[in-house]
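Student: Please give me one close look at a single part of this model, the contact between its chains, and then work outwards from there. I'd like one connected walk-through, with cut-offs for the terms.

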Amino acid sequence: MLSPQIRENLKSASFIVLMFVAWEVACIVFHISPIVLPRPSAIFSTLFTQMPALWPHILQTLATTMVGFALGMVIGVALGVFVGVSRTAYKTAYPLLVGFSSIPKVAVVPIFVLWFGSGTVPAVLTALTTCIFPIVVNVATGLATTEPEMEDVLKALGASRMQVLWNVSLPRTMPYFFASLKVAVTLAFVGTVLSETVASNFGIGTVMMMATSSFDVPLAFAGLFALAFLGIALYSVFAIIEQRVCGWANRKQEFAMG
Amino acid sequence: MTATTAPAEHGGARIAQLEDVKVRFGKGDNAFLALDRTNLTVRPGDFVAMVGPSGCGKSTILKLVAGLLRPTEGVVFVAGREVGAEQVGIGMAFQNPTMLPWLTIRQNIMLPLKIVKPYSDTFGRDKNTVFRDRADALLAKVGLTGFGDRRPWELSGGMLQRANLCRALIHSPKLLMLDEPFGALDQFTREELWAVLQDLWMETKPTVFLVTHDLREAAFLASRILVMSARPGRVTEDRAVDFARPRTLETTFESEFTDLTNDLRRLIFAARQGVEKA
């Protein structure tokens with residue numbers, strides 16, 4: 001007998017497999033050229049056979065993303081606390097942040113290249129700037145949602161601002177923070193690969209660029225798949241940490257909101 | 001920091017005093033007087049209930065004494081010192097129990113010990129021994145034995161409000177501020193909690209300010225009832241309540257009790273009529 005949990009998981013896994021099967025079948029039935037849309041089997045076999053060549057690029061992209069993400073996390077939390085705690089900072093920084101996040105990052109990459117040359121540095125910076133916004137917004141929102149009654153209770157007891165922050169506001173912010181990390185880590189990948197496709201000679205983005213220009217579409221898709229796997233893996237890591245650290249916030253629904 | 005001391009006390013100690021206090025909210029055209037020239041002296045161990053039409057400044061008085069709000073004019077003294085200069089560790093409970101969901105009920109209740117001196121000095125050492133026992137003893141008194149390790153979301157509204165009372169009282173405050181603590185509960189739970197609160201109060205006799213819209217609640221619990229007029233708030237009636245304690249639900253059926261609540265109802269009704277004419 002299978003537990004309902006396992007059955008549930010099997011069901012969703014089989015649907016995912018089914019989707020790939022449908023893709024495969026569609027490619028065969030409609031005679032779709034591999035240059036337009038390769039079959040999943042071809043993509044997976046390319047991914048497998050090319051792995052030795054792809055691996056250093058995957059590591060490069062992963063490392064760049066993690067550095068950009070880590071920096072984004074540190075700066076994002078600092079900015080978020082700043083914006084969330086001070087009303088003036090909120091009013092000053094918020095429009096700036098919204099404005100900055102509205103700029104397509106593809107437009108920023110050339111500027112970074114101009115400043116730092118092509119390579120890893122602009123990729124790290126693009127990852128950072130792409131992933132920072134949700135972190136800042138969520139940390140600031142979390143801090144701002146402290147119940148006024150709770151604050152009154154603590155102030156009447158004689159608590160200092162730091163004590164309120166430490167005992168109530170920061171723990172209350174944790175679910176928002178982790179929800180933003182899950183989103184931010186996938187965004188960081190987008191930033192890295194974006195920069196790699198424009199200005200680098202290493203990393204999955206570069207591989208995909210070169211593959212498409214030589215019409216090696218299965219390899220380009222293999223790169224996409226590698227990215228997707230990395231994204232899912234890192235998302236899961238943060239989802240698990242989130243569950244450990246602030247399971248109290250998701251007691252009702254099984255899936256946290258992104 | 002120089003805290004102004006209260007004027008020389010003549011006869012009877014006082015724990016809280018409002019002198020010619022006015023509170024104005026808002027600015028310009030939107031400004032309004034929430035509390036008009038109010039004088040009030042509260043003796044230690046008083047159980048003061050404040051009733052009146054909504055928006056009459058009941059909670060404003062509570063916040064003034066708790067030091068959460070500064071008067072626009074006048075002075076507020078608490079325990080002989082001007083409020084705001086130094087806090088005295090006032091216990092507080094609102095209608096919303098605001099238990100922190102990432103802590104157990106016991107940890108929630110012990111939170112004031114982490115903040116109020118002298119407890120906070122030894123919190124690290126005592127939290128698993130003395131303070132823990134203290135929290136459990138208090139939980140037992142409100143009928144929550146064995147719930148210390150539960151999380152807030154596992155408790156019903158009435159149970160959370162019991163825990164809320166524990167949190168407000170764990171550090172044996174001299175002053176207890178209750179802002180419609182039972183407002184969101186059903187009638188039966190509410191009446192049960194009146195008795196619980198009365199028992200807790202009779203043990204240590206803290207000074208209590210209770211804001212309520214339930215006149216029976218005020219008459220059941222208070223030793224003194226302040227009736228307030230509609231905005232701008234003023235104390236229009238200051239009445240001592242001297243039914244013998246412990247009061248029980250039977251007390252509420254006695255004619256003196258019903259006379260008192262009817263009197264209060266009339267006074268508040270008159271205050272509301274005043275608003276409509278204005």
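Tutor: Helices here are DSSP runs of H or I of at least four residues, strands are runs of E of at least two, and both are numbered from the N terminus. The model is predicted, so local features need pLDDT of at least 70 and side-chain atom pairs 80 or more, while totals for chains, interfaces and linings use all residues. Residues count from 1 along each chain as its sequence is written, with chains lettered from A and ligands numbered from 1 as written.

Let's start right at the contact. Chain A puts 18 residues against 21 residues of chain B (contact: backbone-placed C-beta atoms within 7 Å). Which helix of chain A gives the most to the side that touches chain B? That's helix 7, with eight residues. Helix 7 covers 148-157, and both helix 7 and helix 8 of chain A supply at least two residues of this side. By class, the chain A side holds ten nonpolar, three polar and five charged residues (nonpolar: Ala, Val, Leu, Ile, Met, Phe, Trp, Tyr, Cys, Pro; charged: Asp, Glu, Lys, Arg; polar: the others, Gly among them).

Now zoom in on helix 7 of chain A. This helix is mostly covered, with seven of its ten residues buried (buried: 20 or more other C-beta atoms within 10 Å of the residue's own; exposed: 12 or fewer; partly exposed: in between; C-beta atoms placed from the backbone). The buried ones are Met150(A), Asp152(A), Val153(A), Leu154(A), Lys155(A), Ala156(A) and Leu157(A). Notice that Asp152(A) and Lys155(A) appear in that buried set. What sits over these residues comes from both chains. From chain A, the cover includes helix 8. From chain B, the cover includes helix 1 (58-66), helix 2, strand 6 (91-94) and strand 7 (175-179). Step just past the end of helix 7 of chain A and you reach Gly158(A), which takes a positive phi of about 100°.

Helix 2 of chain B, on the other side, deserves a look too. This helix runs over residues 105-115 and is mostly covered, since ten of its eleven residues are buried. They are Ile105(B), Arg106(B), Asn108(B), Ile109(B), Met110(B), Leu111(B), Pro112(B), Leu113(B), Lys114(B) and Ile115(B). Arg106(B) and Lys114(B) are in that list. Helix 7 and helix 8 of chain A are part of what covers the buried residues. Chain B's own contribution to that cover includes helix 3 (123-126), helix 4 (130-141) and helix 5 (157-169). Going back and forth, helix 7 of chain A helps cover helix 2 of chain B, and helix 2 of chain B helps cover helix 7 of chain A.

Next, follow helix 8 back into chain A. Helix 8 spans residues 161-199, and its axis comes within 10 Å of the axis of helix 5 (residues 105-116) of chain A, crossing at roughly 60° (axes are lines fitted to C-alpha atoms over the stretch in contact; angles run from 0 to 180 degrees between N-to-C directions). On the helix 5 side the contact uses Lys105(A), Val106(A), Val109(A) and Val113(A). Facing them on helix 8 are Gly191(A), Leu194(A), Ser195(A), Val198(A) and Ala199(A). The class tally for this contact is six nonpolar, two polar and one charged residues.

Another helix pair in chain A is helix 3 with helix 6 (residues 120-144), whose axes are 6 Å apart and pack at about 35°. Their contact has 22 nonpolar and eight polar residues, and no charged ones.

Just ahead of helix 3 sits Gln50(A), in the loop between helix 2 (40-49) and helix 3 (51-85) of chain A. Is Gln50(A) buried or partly exposed? Gln50(A) is partly exposed because 19 other C-beta atoms lie within 10 Å. Leaving aside residues up to four places away in sequence, Gln50(A) touches Leu219(A) and Ala222(A). Its C-alpha atom is 20 Å from that of Glu24(A), 26 residues away along the chain.

Finally, zoom out to chain A as a whole. Chain A has ten helices and zero strands, and its C-alpha trace spans about 75 × 60 × 30 Å along the principal axes. Of its 258 residues, 37% are buried. For contacts between residues at least 6 apart in sequence, 76% join residues at least 24 apart.

Methods:
Two residues are in contact if their C-beta atoms, placed from the backbone, lie within 7 Å.
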